[in-house]
Amino acid sequence: MTSKLRETAKECMMYEERPSTPPEISKYRRSTNLEPGRRFKHHGVVDDYGAMDLDNKVYGITENGRSRIGASDLISHPKPSEMERINTIKAEKVYKQQNREPLGHIPDRGYVLPEKYTVGQQAFGIKSASSLEPAKGLIFPSNIEETVAGADLYKRSHGSYAPGEQRRRGYDWNINPETTRFGAKGDTIAFNGVSKNIADVLNGSSNMKSNVNTVVNTKKVEDFRNMADVLGQSKNLGQDSGLRPKDMVYGRASGTKGLSAAEVLRGKYNEIDNLPDRDLGKSITPGFRNLSYNDRVFGCPSIRNDIPAPQVQRRSIADSQNYGDDVPAQDLINPPAFSDLAIGPMAMSEPRNRQDMLQLFARIGYTFGEELGNHLFYTASEGREFTTINAFRNVLNDFLITQDLKK
């Protein structure tokens, strides 16, 4: 049977396509970024991907079509030279564990064992009475009366039944619970899909052998089920809401007179009421008015450049003023090297001549002959007249390491 209202079974199963979420709203939804295989995009940059073509952009510096440093360069490290290997061994000798447990050797803890264990090769432990003792009996002992009694005790105290074990509560039924089935036997087989009795019970049919309707459940239980949450429906609060029409509107209809919601939000003020108050941003009380020029600034500056700064050597620790020569927060969090000695970071990079450099290293105990000093300074300065402390120190360290290896 077909009607003009599209009430056939086929047309009832054909649903209209649900409208999709607009793109300007879907970017804020979490479900948009949960699609399998889709890259997570922050809603603040979703529009930039199309405008700036970010999907096709590759970040980083490339050279001749490939990155300057590839994954193979990071995984396969270059083999160290013999000099680097010797320097690594010398650096590791300062650790106690390196000397006590060298790589590839058994650690020597200084224990002195009796000769029967070293010379006689006697084994540790106590010998068994017989070598024929079965190990299976020690690992998996047989069930004894105490084990069975303990298992029954745990069943009563903790309900610790074995998997698939039938619970027995000690009832005297005068029947065998393993073979007995409860309930009245139906006239058809239930599990072949032709059980009429089970279908009548589930559907609430009264066409059974007795003329009395079968009560499957009580009214209290059915009322409780009707009050529960149902998917896609509003919750039944017991107020007969299911009997009311769906287009029913609650509340009392507003009249034609009175203020509308728009007028309540916007207000009905005249031009005088919309003017700012007389004391907005200024004091109108006599004697409390702050009259000043436009270029005057009130308060104390953070950096006290308005007063002369005392000398650093005579400045007190309790002086919390900032005179503009304090170190930034970066130097406080991560102080540079030699800052505890009042040596600035640029002192190591300041160019110095040969005489000043040799005198500086002589003060810390490194004195050289004229020929050796000239050679070290010439190597550090690369033939120029000036060099830095860092360059001269590196050349001196290489010279000292070479002298140690020759010994």
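# A tour from an aromatic cluster outward

Begin by selecting F361, F368 and F392, which together form one aromatic cluster. Bear in mind throughout that the model is a predicted one.

Keep the rings of this cluster in view and take the pairs in turn, since the structure holds two aromatic pairs. For F361 and F392, the ring centres lie 4.8 Å apart and the planes meet at 55°, so this pair is tilted, its angle falling neither under 30 nor over 60 degrees. If you now display the helices as well, you will find F361 in helix α14 and F392 in helix α16, so that the pair links distant parts of the chain, 31 residues apart.

Next, move the selection to F368 and F392, whose aromatic pair is edge-to-face, with 6.4 Å from centre to centre and 65° between the planes. This pair, too, links distant parts of the chain, for F368 belongs to the loop between α14 and α15 (370–381), whereas F392 is in helix α16, 24 residues away.

Turn on a surface at this point: which of these residues are buried? Both F361 and F392 are, and F392 counts as buried because its relative accessibility is 0%. F368, by contrast, is partly exposed, with a relative accessible area of 24%, a value that is not under the 20% limit for burial.

From the rings, widen the selection to M348, M357, L358, F361, L376, F377, A380, I389, F392, V395 and L396, the 11 residues that make up the largest nonpolar core. Colouring by helix is useful here, as α14, α15 and α16 each supply at least two residues of this core, and α16 gives the most, with four residues. In soluble globular proteins, nonpolar side chains tend to be buried together.

The next stop is the largest pocket, which has a volume of about 410 Å³. Select M348, L360, F361, I364 and I389 to find the lining residues that lie nearest its centre, out of 17 that line the pocket. The elements that give two or more residues to this lining are α14 (354–363) and α16 (389–406). When the lining is coloured by class, it shows 11 nonpolar, two polar and four charged residues.

Finally, go to K41 and Y49, where the charged end of K41 sits over the ring of Y49, 4.4 Å from the centre of that ring.

Key: Residues are numbered from 1 along each chain as its sequence is written. This is a predicted model: local features need pLDDT of at least 70, side-chain atom pairs count only at pLDDT 80 or more; totals for chains, interfaces and linings use all residues. Side-chain values use heavy atoms; hydrogens and water are left out. On a 1 Å grid over the protein atoms alone, a cavity is a set of points where a 1.4 Å probe fits but cannot get out, and a pocket is an open set with protein on both sides within 12 Å along at least five of seven lines; lining residues have an atom within 4 Å of a point. Grid points are joined across faces, edges and corners, and a volume is the space filled by probe spheres set on the points. Ala, Val, Leu, Ile, Met, Phe, Trp, Tyr, Cys and Pro count as nonpolar, Asp, Glu, Lys and Arg as charged, and the others, Gly among them, as polar. Rings of Phe, Tyr and Trp (its six-membered ring) pair if their centres lie within 6.5 Å; planes under 30 degrees apart count as stacked, over 60 as edge-to-face and the rest as tilted. Buried means under 20% relative accessible area, exposed over 50%, partly exposed in between (1.4 Å probe, protein chains only). A charge sits over a ring if NZ of Lys or CZ of Arg is within 6 Å of the ring centre and within 35 degrees of the ring normal. A nonpolar core is a set of buried Ala, Val, Leu, Ile, Met, Phe, Trp, Tyr and Cys residues joined through side-chain atoms within 4.5 Å.
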